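Q: Please examine closely one loop position in this model, and then place it in its wider setting. A single connected account would be preferred, running from the residue to its chain and on to the other chains.

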Amino acid sequence: MVASANTRLRLETAHLTALFGQHRAVRDVSLLFPAHTVTAIIGPSGCGKSTLLRCLNRMHELTPGASVQGEVLLDNVNIYAADVSPVELRRRIGMVFQRPTPFPTMSIYDNVAAGLRVNGGRRRAALDDAVSRALQQAALWDEVKDRLHTSALDLSGGQQQRLCIARAVAPQPEILLLDEPTASLDPAGTQRIEELCHALKRLYTIVIVTHNMQQAARVSDYTAFMYLGSLIEVGKTNEIFTKPKVEQTEAYITGRFG
Amino acid sequence: MSGASLRRHLTSRVMTVLIVVLSFTAVLALVLILGNLLVKGASSLDWAFFTKSPVPAGQSGGGVANAIAGTILIVGLAGLIGVPVGVGAGMYLAEYGGGRLGFVVRFVADVLNGTPSIVIGIVGWTFIVKPSGGFSALAGSIALAILMIPMLARTTEEMVRLVPHSLREAALALGYPRWRTSLKVVARTALGGIVTGCLVGIARVAGETAPLLFTALGNLNFTTSVTQPMQTLSLQIYVYATGPFDEWHRLAWASALVLMGLVLVISLTARWVTRARYGRIR
Amino acid sequence: MRGIDRSDRIYRRVLTFFALALPALILVMLGVLLVDALPALRRFGPSFLWTSTWDPVAEVYGAAPMIFGTLASSLLALLLAVPLALSVAIFLTEFSPRWLRQPVAFLVELLAAIPSVVYGTWGIFVLIPFLRSYVVPPLKALLGWTPFLQGVFYGNSLLAGGIILAIMIVPYIAAVSREVLLAVPTSQREAALAMGATRWEAVRTAVLPYGRAGLIGAVILGLGRALGETMAVTMVIGNRHDIGVSVLQPAYTMAAAIANEFSEATTGMYQSALVEVGLILFVLTVVVNAIARILIWRVARGAAVGSKAL
């Protein structure tokens, strides 16, 4: 993969295969995610990109019958090793889903603080700081700072998604996984979140799954193209989109399938 | 319009009217019953009615204080036993109920829900009254709890299943352990529905008589001891309505009105809880 | 990390413990019923089901009149309740203006909230006098030659029991039928209407056949409820061990008999006979409810129908 010798890797997969029962949704994928970059994973529906993402924080195994072969290394430690706790791992990796999922019975404040509280954080002052910091990182602070204790459901769809981003970054994870985060948003909401990606990569390493190629082109530093579970090609984003090396990649990018 | 077509339209009209009339007959029955209750019972509701216990047969006056206290005590105790077990069983079904044990528990709950309450009364008598040597309010509460548990298990399961899977995932992705996800996110979101289910179950057992006939038995005196027989409004109504004295009949109507009022208040509270909470959960 | 696993395990164990209460309960129930009914089962065998004598003095017990009464009163109740309940369901799903839907549904549901003993009280003091004065005389005048209306009407009768039961089961049949009809896809209705059917014809030819299994299930569910009703029935049905085709005569049901006689059962065999009646009733309702549930599940998938307050 194209990474210079002194690029630090935060996350990498090594011959990762993800199975649902006997069916291989992800086949032997080895991918590197350099620190403080945005990597986009693109491909047609069913290519396994979401499944791959969910392997990175061990969410995949929560599905009955699902299993994993190969390794995922976070700072050179295999997260699938026997002595690694998935629950602890997920506190170091944040995830945002397709649809905004604020906790409906909690206020905006409590939603953002949820990840902190589960880690044992309890002191009011520390929580206040963390919440405001997270909301600022998610570009939501100005809109909600006067109503932190109102219900999260009062926010618009785009605002709720930014709330989910704030919730995900509040525990200061090292990696941020975004699974088609703008799929249910309007163009204005989409744009705000794409702007966020640029800002957030200074603090986190981001992996974003998207079915929108233009989004991948706008937002990411590296792009990986998957098809039918296999990694077809990966490289710097502008190279992938202007001079793809594999024919399949070119076919997908030019819209000939998918 | 041709003759056949006219006939068809006429039939449609007639059937529509018939359906509307029959529907409103059902509503009429309700109005009649509640109306009678109000008319025949309201005039007997005085202070003495609520604060005094029954007087010897044949005499006039007296009240149902013992029955009201008994209803509250027995139903309350039944709730204390039935709610944790029922809701707990329901949570089990929703969280871990996909396997064989879940299937069995669900099946058993459905069977128990359809069991006539008099049969529960027999079981209560044999299992609790006989060995313990006597009728008691506690036996009655246990019988009512047995009625409540399968009801609450199913409604709780339903309400928890309504919580979108995505919420569960969001919590897990944050690093919530499974038990905390279940309690603090899923159950908390479904809480309104669970509470409604509990209230509805309580309203239902508050009106029951059959399971209490051979467990709590009834008591003409005012008592709050759970190891003694105790009176409830439902038992009181049964005794008074089937008795020979006009005075008793009058008291039966009044007691029925009070019982109906109690059941209505609890049911309406349940509805209000649903509306208040579910307006927001989407 | 270990702590988290342990907490998860404890949580699951606690919930499983509560869940196990249900199978435990039913095993206890069956055990109690079988053990207590055993003496009577051994003494009378299957003839218990068709013997008409119920003599506590001679210690001869036969449940035939009770079984007959249970079935007869429930059937009568269904005859009266099904047209009403189905009409309510069809009205609410097909014909009702939107603003009327909630109030009517609520009022019909309220029928299910009325305690059985209140129905019984109303039955004794309102329904029976009404029947005696305004219903039975014209009925007898018109149909008194049939075997169903023979004899003098004193009030407590199969008819009164059937009518009260009918009112009591209407809300259950109506609620389930409504769910069944709501599950019928709109496309079915629209297809019929587009072909020029009148509103009633659309209902009759497109909606009702589609939901037929579920509707039958709803009716059987109502039957299941009627079979087990106790208090209202025992207060108006007359409580007499008699088999008769005339609805004007007193009768008995299994539930009413247990309620009426259990406290007075002085001997072990008397009690045992009554418990055996309870066992028969239990088995009957389980079977009927199972059939209902299978039929309903086919149309209105899955939900815990019939186990909510309604």
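**A loop position and its setting**

A: C:A58 counts as exposed, because it has 8 C-beta neighbours inside 10 Å, and a residue is classed as exposed at 12 or fewer. The model is a predicted one, and the description that follows should be read accordingly. C:A58 lies in the loop between strands β1 (54-55) and β2 (60-61) of chain C. A second position, C:G196, gives a sense of scale: 138 residues separate C:A58 from C:G196 in sequence, and their C-alpha atoms are 70 Å apart in space. For reference, the C-alpha trace of chain C spans about 80 × 70 × 35 Å along its principal axes.

The chain around this loop comprises 11 helices and 2 strands. Along the sequence the order is α-β-β-α-α-α-α-α-α-α-α-α-α. Whereas C:A58 is exposed, 51% of the 310 residues of chain C count as buried. Among contacts in chain C with a separation of 6 or more, 77% join residues 24 or more positions apart.

Chain C also meets chain B, in a contact that takes 71 residues from chain C and 76 residues from chain B. On the chain C side, helix α1 (residues 2-44) provides the largest share, with 18 residues. By class, the side of chain C that touches chain B has 49 nonpolar, 15 polar and 7 charged residues.

The partner, chain B, is divided into domain 1 (3-42) and domain 2 (49-278). The centres of these two domains of chain B, taken over C-alpha atoms, are separated by 34 Å. Between them, 5 residues of domain 1 of chain B are in contact with 5 residues of domain 2 of chain B. On the domain 1 side these are 3 nonpolar, 1 polar and 1 charged.

Helix α4 (residues 100-113) of chain B offers a check on geometry. Its 14 residues should span 20 Å at 1.5 Å a residue, and its end C-alpha atoms are 20 Å apart, so the expected and modelled spans agree. The buried residues of α4(B) are B:V105, B:R106, B:V108, B:A109, B:D110 and B:L112. In an α-helix there are 3.6 residues a turn, so residues three or four places apart point the same way.

Chain B has a further contact, with chain A, taking 16 residues from chain B and 19 residues from chain A. On the chain B side, the elements giving two or more residues are α7 (165-173) and α8 (178-206) of chain B. Of these, α7(B) gives the most, with 6 residues. The side of chain B that touches chain A divides into 9 nonpolar, 3 polar and 4 charged residues.

In chain A, 6 strands form an open sheet with mixed pairing, in the order β6-β7-β8-β3-β9-β10. Strands β6 (93-96) and β10 (230-236) of chain A each have a single partner strand and stand at the edges, so one side of each has no neighbour in the sheet. From one strand to the next, the twist averages 15 degrees. Within the sheet, strands β3 (residues 38-42) and β9 (residues 222-227) of chain A run parallel and are joined by 4 bridges. A:I41 stands opposite A:A224 of β9(A). Helix α6 (residues 157-169) of chain A packs on the sheet, where it touches β6 and β7 (175-179) of chain A, and its direction makes about 170 degrees with that of β6(A).

Another helix of chain A, α1 (residues 49-56), provides a contrast in burial to the loop position. In α1(A), 8 of the 8 residues are buried, so the helix is largely enclosed by the rest of the structure. Charged side chains are included in this set: A:K49 and A:R54 are buried in α1(A). Just after α1(A), A:R58 adopts a positive phi of about 55 degrees.

A positive phi also occurs in a hairpin of chain A. Strands β4 (residues 66-74) and β5 (residues 77-78) of chain A pair in the antiparallel sense over 2 bridges, and A:L73 has A:N78 of β5(A) as its bridge partner. There are 2 residues between β4(A) and β5(A), and A:D75 in the turn has a positive phi of about 50 degrees.

Key:
Residues numbered from 1 in each chain as written. Chains lettered and ligands numbered in written order. Contact = placed C-beta atoms within 7 Å. Nonpolar A, V, L, I, M, F, W, Y, C, P; charged D, E, K, R; others polar. Domains from an automatic or database assignment. Pairing = 2+ DSSP bridges. Axes fitted to C-alpha atoms, helices over the stretch in contact; angles between N-to-C directions. Buried ≥ 20, exposed ≤ 12 C-beta atoms within 10 Å, placed from the backbone. Expected span 1.5 Å × (residues − 1).
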